[in-house]
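Subject: Structure handover and notes

Dear colleague,

I am passing on the structure below, together with some notes on what was found in it. Please read them with the coordinates open beside you.

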Amino acid sequence: MNQRAPIEEQIDLPFVESLRISFQSLKIRFGRSIITTAGITLGIAFLVSVWTNNEINLALQESGRQSQINTFEETTQQGISTKDIWLIVMSLIVCVVGIANSMLMAVTERFREIGTMKCLGALDGFVVRLFLLESGFQGFSGALIGALIGTLGAILLGLKDYGLDLFYYFPLLPAQPEDGAMQLGVIVVILLGCILGMILAVIGSSFPAWRAAKLPPAEAMRTEV
Amino acid sequence: MADIVVKTEDVVKEYRMGSNVLRALDGINIEILRGEYISLMGPSGSGKSTLFNMIGALDRPTEGRVYIDGQNMSQLSQRQIAAFRCHRVGYIFQSYNLLHVRSAHGNVTLPMIFAGVSERARNEKAEKLLDMVGLGDRIYHLPDELSGGQRQRVAIARALANDPSIILADEPTANLDTITGREIIDLIKRLNNEQGVTVISATHDLKMLDVSDRIVDIRDGLVERIRNRDEIEIEVGEVGGE
């Protein structure tokens, strides 16, 4: 109790300690974490299914096959139709808003916890790092599951439209047909979906966490959700 | 010469609520001595919790200065404030403010994690402290599995984790029944007596005034008067009995 000593500087915690605390927090809040992660999964699944479906259509059209289901007007034009772009943009917006919302809620309900940790001596940076780790993990696992579900959905839809030809012409890898639109390929779409989900989750969580960590603890603890 | 641990100089705190400005503290000047048990007393809305937050570096004053151990708190860096909260002060709140995802043990060890105490040392200390507050057999219970009085005991153990020189208690008995409240007060008083910890408590519980060395009456954001324990008469009736 060196009461007279000048006030020292708070130390940084080892990374392992933050990792341990963030995983503990995810584990014990398992139910709640699953719901937040499901929000990410759904958003990415929707986006990836629409996108992959579009890739499949492009590849199969390129190969000369026509969807047995698509209407006459849609199949007359090659490449991405306005409707497809519209669908992708819409699903992207739904995905962004959905993930941002679910992360924001998950952080806001923990403002009191943030204030309390600061009372006990946590640095602002530590609080932000905790949420970064938690949301990064949630974002990645949620987005990966979502991307796989989305791809599976698009494949099922493709099977319905094209039958087993789908697998023969399956656009797994990026391709650049001579006179067609650039095709990203399913693997790239899955990858982009995962990255997007993770980035959105991390931004959606660490931005409000950073704002809460900047507040004086008294104010953070006063916040009621 | 008296050893002053906390000193406030013309502390003003204003809250902006839309176009209205609420002046919660209107120039507070107090000095608190080391080892003292002091109660901030006042009706709700008087500003005592706001003052409590200023002394504990949980909020910044709009004007004025707070000195703790001779240090002007507004001149401290972020890291120093965090270290101050971690080492010098132990906070006890009306609503306990335990992390509900961590067990009693996890709550008590957290401030020691922030202080960089080794795992073995903090486990030992946590067990010792929880034992001292009478929760030796409920170490790994989650806060949700504990009663109000037990939660407040965990909060007290947590407040003591890094051997603070000041205990700040904001209405620690307000959510507790009379008997449990009495036990919590006795526990805090014991720390004050045995370990020489300075206790600063915001309260309107008469039982807490009984054990205080001085009572500061706060009204409308001002110090109305400061009384010594022997200047007031409190009749604390026996409740419950044996």
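In this model, which is a predicted one, 45 residues of chain B are in contact with 37 residues of chain A. The area buried between chain B and chain A comes to about 3,600 Å², and carbon and sulfur atoms give 55% of that area.

As for the polar side of this interface, the rule finds four salt bridges across chain B and chain A, and six residue pairs are in polar contact between the two chains, counting pairs in which both residues are at pLDDT 80 or more. On the chain B side, the elements that give two or more residues to the surface touching chain A are strand E1 (4-17), helix H2 (78-88), helix H3 (104-115) and helix H4 (119-132) of chain B. The largest share of that side comes from H2(B), which supplies ten residues. Sorted by character, the residues of chain B that touch chain A divide into 19 nonpolar, 13 polar and 13 charged.

Glu17(A) deserves a look of its own. Side chains of opposite charge can pair when their charged atoms come close. Across the interface, the side chain of Glu17(A) meets that of Arg122(B) in a salt bridge, at 3.5 Å from N to O, and within chain A the side chain of Glu17(A) also meets that of Arg20(A) in a salt bridge, at 3.3 Å from N to O. Where do Arg20(A) and Glu17(A) stand relative to one another in helix H1 (residues 15-28) of chain A? They are three residues apart in that helix, and therefore they are separated by about one helical turn. Over all chains, the count by this rule comes to 30 salt bridges.

Chain A also contains helix H6 (residues 124-162), which has 39 residues. At 1.5 Å a residue this helix should span 57 Å, and because its end C-alpha atoms are 55 Å apart, the expected and the modelled spans agree. Just after H6(A), Gly163(A) takes a positive phi of about 70 degrees.

Turning to the strands of chain B, four of them form an open sheet in the order E2-E1-E4-E5, with antiparallel pairing. Strand E2 (20-33) and E5 of chain B stand at the edges with a single partner strand each, so one side of each is left without a neighbour in the sheet. Inside the sheet, E1(B) and strand E4 (residues 63-68) of chain B pair in the antiparallel sense over five bridges; among the bridge partners in E4(B), Tyr67(B) is that of Lys7(B), and Arg65(B) is that of Glu9(B). E4(B) in turn pairs with strand E5 (residues 71-72) of chain B in the antiparallel sense over two bridges, and here Tyr67(B) stands opposite Asn72(B) in E5(B). The hairpin of E4(B) and E5(B) has two residues between the strands, and in this hairpin Asp69(B) takes a positive phi near 50 degrees.

Another hairpin in chain B is formed by strand E9 (residues 214-219) and strand E10 (residues 222-228), which run antiparallel and are joined by six bridges. The bridge partner of Ile218(B) in E10(B) is Val223(B). The hairpin of E9(B) and E10(B) has two residues between the strands, and there Asp220(B) takes a positive phi near 50 degrees.

With best regards

Technical notes: Residues numbered from 1 in each chain as written. Chains lettered and ligands numbered in written order. Heavy atoms only, no water. Contact = heavy atoms within 4.5 Å. Buried area = accessible area lost by both parts, 1.4 Å probe. Polar contact = N/O pair within 3.5 Å; in protein donor to acceptor, adjacent residues only side chain to side chain. Helix = DSSP H or I, 4+ residues; strand = E, 2+ residues; numbered from the N terminus. Nonpolar A, V, L, I, M, F, W, Y, C, P; charged D, E, K, R; others polar. Expected span 1.5 Å × (residues − 1). Pairing = 2+ DSSP bridges.
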